[in-house]
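Let us walk through this structure together, from the overall fold to a few local details. Keep the sequence and the model side by side as you read.

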Amino acid sequence: MDPLLHIVSIVNHSSLLLPPQIQLEPLFVVTSIMPPSPDETLVHDSDQTTALTAVTQVGLQPQADQQPSSTARGRITLVGAGPGDPDLLTVKAYRIIQEAELVVSDNLVPKPILSLVRGELFVALKKSEGRADQSQDELMNVALEGARRGRRVIRLKNGDPFVYGRGGEEVLFFRKHGFEVDVIPGISSCLAAPLSGLVPITHRGVADQFLVATGQGKNGSIPEIPPYAHHRTTVFLMSVARMADLARDLVAHGYPENCPVAVVEKATFPDQRVLRGTLATIADISQTEKIQSPSTIIIGNSVNALVAEQ
Ligand SMILES: C[S@@+](CC[C@H](N)C(=O)[O-])C[C@H]1O[C@@H](n2cnc3c(N)ncnc32)[C@H](O)[C@@H]1O
């Protein structure tokens, strides 16, 4: 198993204790932004070192003074963290992240944002093949238990919680367990990536509408391809891993081969990259440039609207 998926240390700091019926696999890194006590062990994980200071074992038996209180009433807030640049957090998100007692975060949220957390922090590590649903359930149970113990809990999500973020499902889950959830929007990558790559998704005389889609359906299925419209910009999330297949599918569904395409990798990060091509060329360009997730694909004539004439 990937060593990153292991909890690498057990420490005696366990303020978020789960009842025995919740069996967590060691998927989470549990962190404290407080300096670790001498009996805590630092995580030296190349991906997480900056933000994470200590790990805590989860799944321990509750101690008497940490049993759920019948009077304590926690709060759960879904918070959009935006596309990556911490300066693109909303003022409200910035404030509430610092006030939270427990933050349960997806792994796409970058370290500079996680380092704002003053309370306890759970970060989901990379979801391994075939267990994305299980990972999601585990995250939700951690958040739920925190709220049951009367804590102010944040579910921190990349971009906007309701754009391919399963935010709606989370609201229904917490509601089913008696918690109405507050939701704070974030700037979605579907808007931030085109803008940051200098693609105006609407542009007078070029594109008067835009559509957001994914090239990755549930359980690896291929979602329905939206029909081509020459005055539309189509934005694909979660699709870069199947760039070649997607380009082929789009052409098979009537998109012109010379339709402009841009790929914006790590939009708003300091090392953002923007590639431009057409449906005929973008797969090769992406492969040559070793384009990685997270990337957003933008398709349509607006891609070249601000490209200076040669
Ligand atoms: C699970 S979806 C979550 C989308 C998120 N809720 C939002 O509103 O941006 C993840 C996908 O969003 C896109 N994405 C997220 N952050 C990005 C970034 N900084 N640059 C480019 N694309 C990004 C990628 O397509 C990635 O595969």
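One idea helps from the start: two strands are taken to pair if DSSP finds at least two bridges between them. Please also keep in mind that this is a predicted model.

With that in hand, begin at strand β8, residues 232-237. On one side, β8 runs parallel to strand β7 (residues 209-214), and six bridges join them. You can pick out one of these pairings by eye, since A213 has F236 in β8 as its bridge partner. β8 also pairs with β11, this time in the antiparallel sense and over three bridges. Here T234 is the residue to look for, as it stands opposite I299 in β11. How much of β8 is buried? Five of its six residues are, so the strand is largely enclosed by the rest of the structure.

Now step back to the whole protein chain. It has seven helices and 11 strands, and buried residues make up 41% of its 310 residues. Among contacts with a separation of 6 or more, 69% link residues 24 or more positions apart.

The interior is a good place to go next. In soluble globular proteins, nonpolar side chains tend to be buried together. In this model the largest nonpolar core has 33 residues, and V79, I97, V103, V104 and I154 touch the most other members. Helix α3 (residues 132-148) gives this core its largest share, five residues. A second, separate core has 31 residues, including A192, V199, A213 and V261. A213 is thus a residue you have already met, as the bridge partner of F236. To get a feel for the packing in the largest core, center your view on V103. Neighbours within four places in sequence aside, V103 is in contact with I97, V117, G119, L121, I154 and L156.

Where does the ligand sit relative to the two domains? Domain 1 (3-187) and domain 2 (190-304) both give residues to the shell around the ligand, so the ligand lies between them. There are 24 residues around the ligand, and G159, G165, S188, S189 and A267 come nearest. The elements that give two or more residues to this shell are α5 (189-196) and β11 (295-299). Of these, α5 provides the largest share, with three residues. Sorted by class, the shell has 11 nonpolar, 10 polar and three charged residues.

Finally, a few backbone details deserve a closer look. Most residues other than glycine have a negative phi, and most peptide bonds are trans. Two residues in the loop between β5 (152-157) and α4 (167-176) stand out in this respect. One is Y164, which is not a glycine and yet has a positive phi of about 45°. The other is R166, in the loop between β5 and α4, with a positive phi near 60°. Are these residues buried or partly exposed? Y164 has 18 C-beta neighbours inside 10 Å, so it counts as partly exposed. R166 is partly exposed as well, with 19 other C-beta atoms within 10 Å; being buried would take 20 or more.

The last stop is a peptide bond. S293 and P294 are joined by a cis peptide bond, with omega about 5°. P294 lies in the loop between α7 (282-288) and β11, and β11 brings you back to the strand that pairs with β8.

Key
Residues numbered from 1 in each chain as written. Predicted model: local features only at pLDDT ≥ 70, side-chain atom pairs only at ≥ 80, totals over all residues. Near = placed C-beta within 6 Å. Helix = DSSP H or I, 4+ residues; strand = E, 2+ residues; numbered from the N terminus. Nonpolar A, V, L, I, M, F, W, Y, C, P; charged D, E, K, R; others polar. Domains from an automatic or database assignment. Buried ≥ 20, exposed ≤ 12 C-beta atoms within 10 Å, placed from the backbone. Contact = placed C-beta atoms within 7 Å. Core = buried A, V, L, I, M, F, W, Y, C linked by C-beta atoms within 7 Å.
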